[in-house]
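Please walk me through this fold. I would like short questions, each with a reasoned answer.

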Amino acid sequence: MSMDQAALMAALQSVIDPNTGKDFVSTKLLKNLRVQGASVSFDVTLGYPARSQIAPIRQMLEDAARSVPGVQQATANVDFKIIAHSVQRGVPLLPGVKNMIAVASGKGGVGKSTTAANLALALAAEGARVGMLDADIYGPSQPTMMGVHGSPEHDGQAMQPLIGHGVQVNSIGLMVKQGQAMIWRGPMVTQALDQLMRQTAWHDVDYLIVDMPPGTGDVQLSISQRAPVTGAVIVTTPQDIALMDARRGIAMFEKVGVPILGVVENMAVHRCTQCGHEEHIFGAGGGQRMAEEYKVDYLGGLPLSLSIREQADSGCPTVAAAPDSAEAATYRAIARRIAVKVAEQAKDYSSRFPSITISNT
C-alpha cells in the first residue's frame with residue numbers, strides 16, 4: 001500500500017506537546033521528514049530542557065505516524081536546544097549566559113531562595129546547564145542551600161563559580177566570613193552585584209537563576225535595569241500582606257520592561273503529617289487570584305512542608321534530596337512551565353549585529 005503524505009502530515013499535526021499545548025508541524029519544530037518505502041523518519045527539536053519528556057513525546061509522534069496506512073516503521077529523533085532570548089533593549093547579554101531568570105519577592109520570608117534553588121536543580125535535572133547567582137547581598141543563603149563551601153578561584157580577570165549539585169554557583173556569601181554582617185550602603189551593594197554578575201566566568205549557561213534580594217528598592221531596581229533579564233518569577237505566599245508586596249514586585253519589573261514569567265505560590269497549604277488534614281494557614285488561592293488580576297501565569301503552588309525546609313537547610317534541596325517526591329514533581333513542573341515561557345519569547349539577535357568601527361581618514 002502506498003503512503004498518503006498528506007495523511008501523514010495530518011496525523012503528525014494532531015500530536016500536541018503537553019508542555020506547550022501546540023503541535024510540532026505548525027510551529028515548524030518538526031523537520032527533515034524522510035520517507036523511504038514504508039519507513040518514515042523525522043527530527044523534532046524542543047526549545048526547553050526536556051530530558052523526562054523526550055521518551056513520551058517520541059512515543060506519541062511515532063504512534064501517530066504508524067497510524068497512517070502504508071507506514072510500517074516510524075523513527076522520531078527528539079532532542080532539545082536552548083537558545084538565547086531577547087532582554088531589555090540596550091542591555092548586552094552576559095558572556096556565557098543565554099537566559100537570565102530573576103526569582104523575586106516583594107517581601108522576605110516567603111521562601112524565595114528555597115524556590116530559586118529547587119528551580120535551578122529542576123532545570124538541571126531536565127538537562128539544562130544552569131547557574132545560580134545569589135544576589136541577596138544582605139542574606140546570602142545559596143551557599144548553604146546548594147552545599148558549596150570555600151571561595152571562588154580568581155585568575156586576575158574572572159571568578160570561577162563553585163559547583164553544587166551540578167549547578168554553577170556564585171554568591172557574596174562565598175567571599176565573606178560566615179555570620180559577618182554586610183553593613184553596606186546601596187551604591188556598594190550595586191557595585192558588588194555588578195562584579196558578581198559580570199566577573200564570574202559562567203560556563204555555557206542555558207539559564208542563570210538570580211536569587212534577588214526581597215523588596216523593590218534601589219538595589220532591585222538597579223539589577224532589573226542593568227542586568228540582561230529574560231524574565232522574572234515572583235514568589236509569594238497566599239497571605240494578603242505578602243500578596244500586596246508581590247504586586248509591587250510585578251509593577252517594578254513591568255516598568256523596566258522585564259516580562260513576568262509567572263507567580264509561584266509558596267506555603268499554599270499545610271498537610272498534617274499525622275492525619276493528612278489540609279489547612280490553608282496563610283489563606284487560600286491568593287496567588288491564583290493575583291495572577292488572574294495581573295494577567296500573568298500561575299506557575300504552581302507548593303505546600304508548607306517541614307521536609308522542604310530541612311532539605312534546603314542541609315545543603316541538599318528537595319529536587320536533589322527526594323527526586324521522586326510530590327514536592328520535587330511540583331518544582332519540576334513549575335521549572336518546565338518557566339522554560340516553555342522563555343522559549344516562546346523572541347530570539348536574541350543582538351549578537352548578529354556587526355561591530356562598527358569609525359576611523360578618521
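The questions below go from the sheet to its helices, then to a buried side chain and the cores.

This is a predicted model, in which local features need pLDDT of at least 70, side-chain atom pairs count only at pLDDT 80 or more, and totals for chains, interfaces and linings use all residues. Residues are numbered from 1 along each chain as its sequence is written, and side-chain values use heavy atoms, without hydrogens and water.

Q: Which strands stand at the edges of the open sheet of 8 strands?
A: Strands are DSSP runs (E, at least two residues), numbered from the N terminus, and helices are runs of H or I of at least four. Two strands pair if DSSP finds at least two bridges between them. The order is β6-β7-β5-β8-β4-β9-β10-β13, with mixed pairing. Each edge strand has a single partner, so one side is left without a neighbour in the sheet: these are β6 (162-164) and β13 (298-301).

Q: Which residue in β9 is the bridge partner of Ala104?
A: Strands β4 (residues 97-104) and β9 (residues 231-236) run parallel and are joined by 4 bridges. In β9, the partner of Ala104 is Ile234.

Q: What angle does helix α11 make with β13?
A: Axes are lines fitted to C-alpha atoms, for helices over the stretch in contact, and angles run from 0 to 180 degrees between N-to-C directions. Helix α11 (residues 326-343) lies across β4, β8, β9, β10 and β13. Its angle to β13 is about 170°.

Q: Within what arc do the buried residues of α9 fall?
A: Buried means under 20% relative accessible area (1.4 Å probe, protein chains only). In α9 (residues 306-313) the buried residues are Ile308, Gln311 and Ala312. They line one face of the helix, because the directions from the helix axis to their C-beta atoms fall within an arc of 100°.

Q: With which side chain does the side chain of Asp211 make a polar contact?
A: Asp211 is found in strand β8. At 0% relative accessibility, Asp211 counts as buried. A polar contact is a pair of N or O atoms within 3.5 Å, one able to donate a hydrogen and the other to accept it; residues adjacent in sequence count only if both atoms are side-chain atoms. At 2.6 Å, the partner is Lys112.

Q: How many residues has the largest nonpolar core?
A: Such a core is a set of buried Ala, Val, Leu, Ile, Met, Phe, Trp, Tyr and Cys residues joined through side-chain atoms within 4.5 Å. Those with the most contacts inside the largest one are Phe42, Leu46, Leu61 and Ile209. Its number of residues is 66.

Notes:
Contact = heavy atoms within 4.5 Å. Buried < 20%, exposed > 50% of the residue type's maximum accessible area, 1.4 Å probe, protein only.
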